[in-house]
Amino acid sequence: MKLKEDTSVLNYGDTSFRRKKYLSEYRILLKLLSQHMENKQTWVKNSRLQSDYYTSVIDNTDLFNRNETTQDKMAKRGRTLTNSLVKTGLINEQREISPVGKAWLSMKLKPRDPLEKILNLSEDNLVFLRQWSKVRLYNKEGDHYFIPFMFMLNLLSHYRRIPKKDFLVFIHSIPPTLNDQQLNDLIQKYSDVANGKMNFNEFIDRYLDNQNLANVVDDVQKLLSSDNIDQDEFT
């Protein structure tokens, strides 16, 4: 996964798909997409295929209500609905089902390793454990990355309790430009929060909010000095 800007926020999912039965309903979306792509159709710039896929989701599930009428809008919904499947590695950018996606649909996953046997996860949870543990978050240039899921496990292994809000803000605030030593230092420095010596907002202000400050200031100066300010960039 590659960020458009180093100051962009990491997100695993997409606001177009907020569900309680996250994993099982992902399987539904993947199965329907597999049926549409089985004849090796081209997804990119194929608004008809994208629209037909979204229509099949509407007609064959109770996941959404039909609130779009034009082909363009239906096609857009089809694209955004599959973005999260790309991020999990269940499909590629061309919306072709990956080997992992095919194995999940057919329930022919690779045998569990010793750790996975101890965890005793369902097949669905096992797939996502494996996929998230492989996700690399790259910086804008694509020459450096960190693995968010492994960082999460490392962080949690050091502290018995971390408030959920703090945990999520912490993970989403880390720029992919940090090296392993800097990441480990952050985990150690969080002990001041855990021990009550510092509140969490101070921790974020001191150690994370200023990581890309120079780049942000430079970008803002360039934007505001332009004769024609781009509204999307300004937002």
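Are Tyr190 and Phe200 buried or exposed? In this predicted model, both Tyr190 and Phe200 are buried. The two residues form an edge-to-face aromatic pair, with 6.4 Å from centre to centre and 70° between the planes. Tyr190 sits in the loop between helix 9 and helix 10 (191-194), while Phe200 belongs to helix 11, so the pair ties together parts that are 10 residues apart in sequence. Tyr190 and Phe200 also belong to a cluster linked by ring pairs, whose other members are Phe146, Phe151, Tyr159, Phe170, Phe203 and Tyr207.

The secondary structure of the protein consists of 13 helices and 2 strands. Of the 235 residues in the protein, 37% are buried. Contacts were also examined by separation in sequence: among those between residues at least 6 apart, 57% join residues at least 24 apart. The protein exposes about 15000 Å², and carbon and sulfur atoms supply 48% of this area.

The structure holds 14 aromatic pairs. One of them is formed by Tyr26 and Phe128; this pair is tilted, with 5.9 Å from centre to centre and 55° between the planes. The pair links distant parts of the chain, since Tyr26 is in helix 1 (residues 22-37) and Phe128 is in helix 6 (residues 123-132), 102 residues apart. Tyr26 and Phe128 are buried.

Phe128 leads to the rest of helix 6. In this helix, 7 of the 10 residues are buried, so helix 6 is largely enclosed by the rest of the structure. The buried residues are Asp124, Leu126, Val127, Phe128, Arg130, Gln131 and Trp132. They pack against helix 1, helix 3 (71-87), helix 4 (99-106), helix 5 (114-119) and helix 7. The list of packing partners thus includes helix 1, where Tyr26 of the tilted pair is found.

Helix 8 (residues 164-173) was examined in a similar way. Its buried residues are Asp166, Phe167, Phe170 and Ile171. Seen down the axis of helix 8, these buried residues fall within an arc of 125°, so they line one face of the helix. An α-helix has 3.6 residues a turn, so residues three or four places apart point the same way. The face of helix 8 turned away from the buried side carries the exposed residues Lys164 and Lys165. On the buried side, the residues of helix 8 pack against helix 7 (148-158), helix 9 (180-189) and helix 11 (200-207). Phe170, one of the buried residues of helix 8, is also a member of the aromatic cluster that contains Tyr190 and Phe200.

Charged side chains were considered next. The count comes to 4 salt bridges. One of them joins the side chains of Glu116 and Arg130, at 2.8 Å from N to O. Glu116 lies in helix 5 and Arg130 in helix 6, so this salt bridge ties together parts that are 14 residues apart in sequence. Both Glu116 and Arg130 are buried.

Helix 6 also takes part in a salt bridge through Glu123, whose partner is Arg112. The closest N and O atoms of Glu123 and Arg112 are 2.6 Å apart. This pair links distant parts of the chain: Glu123 is in helix 6 and Arg112 is in the loop between helix 4 and helix 5, 11 residues apart. Glu123 has a relative accessibility of 29% and therefore counts as partly exposed. Arg112 is also partly exposed, with a relative accessible area of 25%.

A further salt bridge is formed by the side chains of Glu93 and Arg95, at 3.9 Å from N to O. Here one partner is exposed and the other is buried. Glu93 has a relative accessible area of 51%; because exposed means over 50%, Glu93 counts as exposed. Arg95 has a relative accessible area of 6%; because buried means under 20%, Arg95 counts as buried.

Nonpolar side chains also occur on the surface. Leu224, Ile229 and Phe234 form a nonpolar patch there, and together they have about 310 Å² of accessible area. Of these residues, Leu224 lies in helix 12 (residues 213-224).

Methods
Residues are numbered from 1 along each chain as its sequence is written. This is a predicted model: local features need pLDDT of at least 70, side-chain atom pairs count only at pLDDT 80 or more; totals for chains, interfaces and linings use all residues. Side-chain values use heavy atoms; hydrogens and water are left out. Patches are made of residues with over 30% relative accessible area and no salt bridge: like charges are joined within 9 Å, nonpolar side chains (Val, Leu, Ile, Met, Phe, Trp, Tyr) within 5 Å. Accessible areas come from the Shrake-Rupley method with a 1.4 Å probe; for residues, only the protein chains shown count as cover. Helices (H or I, at least four residues) and strands (E, at least two) are DSSP runs, numbered from the N terminus. Buried means under 20% relative accessible area, exposed over 50%, partly exposed in between (1.4 Å probe, protein chains only). Contact means heavy atoms within 4.5 Å. The arc is that of the directions from the helix axis to the C-beta atoms. Rings of Phe, Tyr and Trp (its six-membered ring) pair if their centres lie within 6.5 Å; planes under 30 degrees apart count as stacked, over 60 as edge-to-face and the rest as tilted.
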